Amino acid sequence: MQIINNPAEMQKTAESLRLKHQFIAVVMTMGALHEGHLSLIRLAKEKAGTVILTIFVNPRQFSPEEDFHRYPRSFEKDAAMAKAAGVDYLFAPDTALMYAEDSQTQVSTGDIASRFEGAARPGHFNGMATVVLKLMLISKAHLAVFGEKDAQQLAVIKRMVQDLNIDITIVSAPIVREPDGLATSSRNIYLSSEERKQATVLYKSICRAAELVKQQITDSEKIIQEVTSVIESAPDAKIDYASIVDSVNFTETTLLKTGVDYLLVLAVKIGRTRLIDNGRLRI
Ligand code: AMP
């Protein structure tokens, strides 16, 4: 596995891979690798001859009050995991090389990005989309794998690829969960052991919603009421949002229609840690 820190060098390497007719997949992460990330790498390896893993804690997608400085960083361990998983190139760019001091262009995301995570984290999706586009251009990948864990991010990226005619295939990977159902996340380490136990209410509420849909309950308000009561059974849980949306445009729905894919999207604070999760619902 080759480690590259310089965007120009990564781009040159990617170009020579393309000239050798290599099919390139990219997996983009902020590091602190876990099973969720590894599942994306495995999927990328199934689909492509060359896998580029990017590790970059992107300052532009954190707002000033968020956890950019506190975000877990474990490069040596990540590099060992990436190598063991069969990554060919680990691209971990220097921030100064990614963003020149006088850089002034960014991606402006639209309606899908305006709600939920977009409303809770102003500027987040523009910052995310900008770095994703840069990493697509630098890696020259034919295919990119993203996790369904960040469902709204996935929807924003799919829309960007469509709107800007980006020549890349987007593949999504299912959510990886701990044995008790909590979605694997780099931020789970912020939870105290008591909070970690309480954090299982997110997945429990997703299962409850799926059960109700199986019983042909189509009224979103009723489903959300039950979801809320499951989550609020945890004393330190505070719901930021809990909504049922269509999975492409992220518009809220009041009545679930047959044959349409919906998502129950959740953002819940357990103590000081904000967790997001989602589950697919289909009548
Ligand atoms: P992050 O490092 O948190 O920015 O995530 C990098 C990529 O890994 C994104 O595409 C995430 O959706 C994906 N990812 C993170 N956690 C999980 C998980 N538990 N299951 C599947 N994909 C995940």
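**Exercise 1. Describe the polar contact made by the side chain of E117, and the surroundings of E117.**

Solution. Start with the pair itself: the side chains of E117 and Y241 make a polar contact at 2.4 Å, the term standing for a pair of N or O atoms within 3.5 Å, where within protein one must be able to donate a hydrogen and the other to accept it, and residues adjacent in sequence count only if both atoms are side-chain atoms. The model is predicted, so local features need pLDDT of at least 70 and side-chain atom pairs count only at pLDDT 80 or more, while totals for chains, interfaces and linings use all residues. Residues are numbered from 1 along each chain as its sequence is written, and side-chain values use heavy atoms, with hydrogens and water left out.

Next, place the residue: E117 is in helix α5 (residues 117-120), helices being DSSP runs of H or I with at least four residues and strands runs of E with at least two, numbered from the N terminus. Because its relative accessibility is 5%, E117 counts as buried (under 20% relative accessible area, with exposed over 50% and partly exposed in between; 1.4 Å probe, protein chains only). Finally, list the neighbours: beyond four places in sequence, E117 is in contact (heavy atoms within 4.5 Å) with F125, Q152, Y241, A267, R274 and I276.

**Exercise 2. Locate the largest nonpolar core and state which element gives the largest share of it.**

Solution. The largest nonpolar core (buried Ala, Val, Leu, Ile, Met, Phe, Trp, Tyr and Cys residues joined through side-chain atoms within 4.5 Å) has 46 residues, and V132, M136, F146, I170 and F250 have the most contacts inside it. Among the elements that give two or more residues to this core are α1 (7-19), α6 (124-139) and β8 (262-270), and α6 gives the largest share, 9 residues. Since domain 1 (2-173) and domain 2 (186-281), with bounds from an automatic or database domain assignment, both give residues to this core, it lies between them. As for V132, leaving out residues up to four places away in sequence, V132 touches M28, F146, I157 and M160.

**Exercise 3. Find the protein atoms that lie 2.9 Å from an oxygen atom of the ligand.**

Solution. Take the backbone first: an N or O atom of the M30 backbone lies 2.9 Å from a ligand oxygen, and a polar backbone atom of G147 is 2.9 Å from an oxygen atom of the ligand. Then turn to side chains, where an N or O atom of H37 is 2.9 Å from a ligand oxygen. To close, consider burial: the ligand taken alone exposes 490 Å², of which the protein buries 92%, with areas from the Shrake-Rupley method and a 1.4 Å probe, only the protein chains shown counting as cover for residues.
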